[in-house]
Amino acid sequence: MAFAITQTCCNDASCVAVCPVNCIHPTPDEPDFGSTEMLYIDPDSCIDCGACADACPVDAIFPVDALTGPFQAYAEINAEYYTGSDPAAVAQGTSPNFHAWNPPTFTRTIPSDFAPLDVAVVGTGPAGMYAVEDLLLHTNSRVTLIDRLGAPGGLVRYGVAPDHPSTKKIGEVFARFYSHPRLRLRLGVEVGRDVSAEELADRHDAVIYAVGASSARRLGIPGEDLPGSIAATTLVGWYNGHPDVPPDTIDLSAERAVVVGNGNVALDVARILTADPGTLRDTTISPQALAMLESSKVREVVLLGRRGPETAAYTSPELRALTQQGEVDLVVDGSDPRTAQAIDIDTAATPAGKAGLLRGLRRERIDWSAPPPDGRRRIVLRFHSAPVEILGDGQVRGVRVTGAEGAEEVTAGQVVRAIGYRGTPLPGLPFDQDTGTVPHSGGRVRDRQGTYVVGWIKRGPSGGIGANRTCARETVSTLLEDAIAGRLRTPGRRRRGLATLAAPLRGWRR
Ligand code: NAP
């Protein structure tokens, strides 16, 4: 018997660090790390010790013989990663390239008489918390952890969908650090409003910004700002009870909603809008959002993807879960919008690939001018099609989308633009408008001594929670290199005065 990693794998490699036999790959120092959708356990070398399952922060690892229902597929998915890993395949780059494993080590050497650094970390989402973990567990630094909101957690609290409780569990791992003796938590403190970047830099040896990418990319098409057209960032905040999002931000009075984009956020939105509200009742969903979903008229959500089924942006585990959920129908628009011929999903699609996962689904030619059919709620996947205009006179009534004979009109009362997040400029820090990130080198902010970035504001809005772990390690390593080389702006300065800016813990719930 072996263990297997399943859908909610967060890729943060906590499991790799504790595996005594090096049977989980790719490891952070293997070339595939960061590009595979998840990590995989080799069933042939797993010794069934369960250390990985204990270490997994998102409850994604189970003994193979305990997998039930849709999760059973993960026994094969894990094993498949290891098939054909012969030396020739490795040389061609078509198979995992394993090497002897050693316990993870931190290559930095910090002199034993090095005075503790005072470091401010701005942002309590995953990127900030992995940086905090690194600083607290591997250095003697003292950390001031700041968030502009009254409750910590960032994207874990306000971004992860409420029907993904295992993923939200990683928040419990991060929360352990809030009461660490070398950490002070300051909530309700906003850089640029309550304290300037300059003041923060003056009061600490180093400042790490982990502020994420909180705004939405724009489509740049007519009608984008009509009432009834909202960004997924707003909708995700709505169902997670984000304090900046009014509870009545969405209109669920029409039968069809269109979600533009087909990344994992688009899938989250489609799932929540079509879910049986009863299944969400015991989750962290905002009570106001739940009440609105209970009276929602939405019966069909159309996912509009400009790429094809094999290369769609969502990950296979998330799509697989969608194909296996019982109470909502998943349908593929049967007409290829480029040719008006039947859409080809089967040619060259491997069964485990993204297109292969759609093979068994119903394909239907849809009359977009008509309301969705009666019956169960459904999600319709329309590929190779992008919006050209959002239509409406004072309120969204549809979307003009690319089709075989020019643009066609999809009737809809709500449009959700799930085309990606975007960083926003921070007062006092440089900003690259093209990428929506802060220019940096290895996490060190350009032209700002002692200032660092981590997470989406550093590398752009892609990658799941665990990707921030290696990102944080790089940034903290750069910071420590600078500290040792005497390159920090105010080495030896002590944090002071910040306590007056906000109460340490305003009533937040875990
Ligand atoms: P994403 O993965 O980058 O997807 C954005 C989608 O929008 C893509 O389908 C993209 O199409 C499309 N798009 C962009 N510009 C467009 C335009 N002008 N017109 C039409 N379509 C357009 O972003 P995301 O969904 O916001 O996710 C962000 C990151 O968070 C991802 O790494 C994701 O995996 C992660 N995440 C993970 C989970 C999970 O694991 N459960 C949940 C949520 C988010 P193209 O692909 O053609 O560019």
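The buried residues of helix α10 are Ala232, Thr233, Leu235, Val236, Gly237, Trp238 and Tyr239. That is seven of the eight residues in the helix, which spans 232-239, so α10 is largely enclosed by the rest of the structure. I should state at this point that we are looking at a predicted model. Just after α10, Gly241 adopts a positive phi of about 70 degrees.

I turn next to helix α11, and to one residue in particular. Ile272 has its place in this helix. Is Ile272 buried or exposed? Its relative accessibility is 0%, and because buried means under 20%, Ile272 counts as buried. Ile272 can also be related to a residue elsewhere in the chain: Pro162 is 110 residues away in sequence, while the C-alpha atoms of the two are 8.5 Å apart in space.

Helix α11 also brings us to the ligand. The helix covers residues 264-274 and supplies three residues to the shell around the ligand, the largest share. In total, 21 residues surround the ligand, and the closest are Asn262, Asn264, Arg306, Arg307 and Gly463. By character, the shell divides into nine nonpolar, eight polar and four charged residues.

Where does the ligand lie with respect to the domains? Domain 2, assigned as 118-214 + 423-484, and domain 3, assigned as 218-418, both give residues to the shell, so the ligand lies between them.

For those of you interested in specific atom pairs, I would point to three. A polar backbone atom of Gly463 is 2.7 Å from an oxygen atom of the ligand. For Val265, a backbone N or O atom lies 3.1 Å from a ligand oxygen atom. With Glu318 the side chain is involved: one of its polar atoms lies 3.3 Å from a nitrogen atom of the ligand. As for coverage, the ligand on its own has 910 Å² of accessible area, and the protein covers 77% of it.

My last topic is a hairpin. Strand β16, residues 387-392, pairs with strand β17, residues 396-403, in the antiparallel sense, and the pairing runs over five bridges. Which residue of β17 is the bridge partner of Ile390? The partner is Val399. Three residues stand between the strands of this hairpin, and Gly394 takes a positive phi near 85 degrees.

To close, I return to the ligand: it lies between domain 2 and domain 3, since both give residues to its shell, and helix α11 contributes the largest share of that shell. Thank you for your attention.

Notes: Residues numbered from 1 in each chain as written. Predicted model: local features only at pLDDT ≥ 70, side-chain atom pairs only at ≥ 80, totals over all residues. Heavy atoms only, no water. Near = heavy atom within 4 Å. Polar contact = N/O pair within 3.5 Å; in protein donor to acceptor, adjacent residues only side chain to side chain. Areas by Shrake-Rupley, 256 points an atom, 1.4 Å probe, with all protein chains shown as cover. Helix = DSSP H or I, 4+ residues; strand = E, 2+ residues; numbered from the N terminus. Nonpolar A, V, L, I, M, F, W, Y, C, P; charged D, E, K, R; others polar. Domains from an automatic or database assignment. Pairing = 2+ DSSP bridges. Buried < 20%, exposed > 50% of the residue type's maximum accessible area, 1.4 Å probe, protein only.
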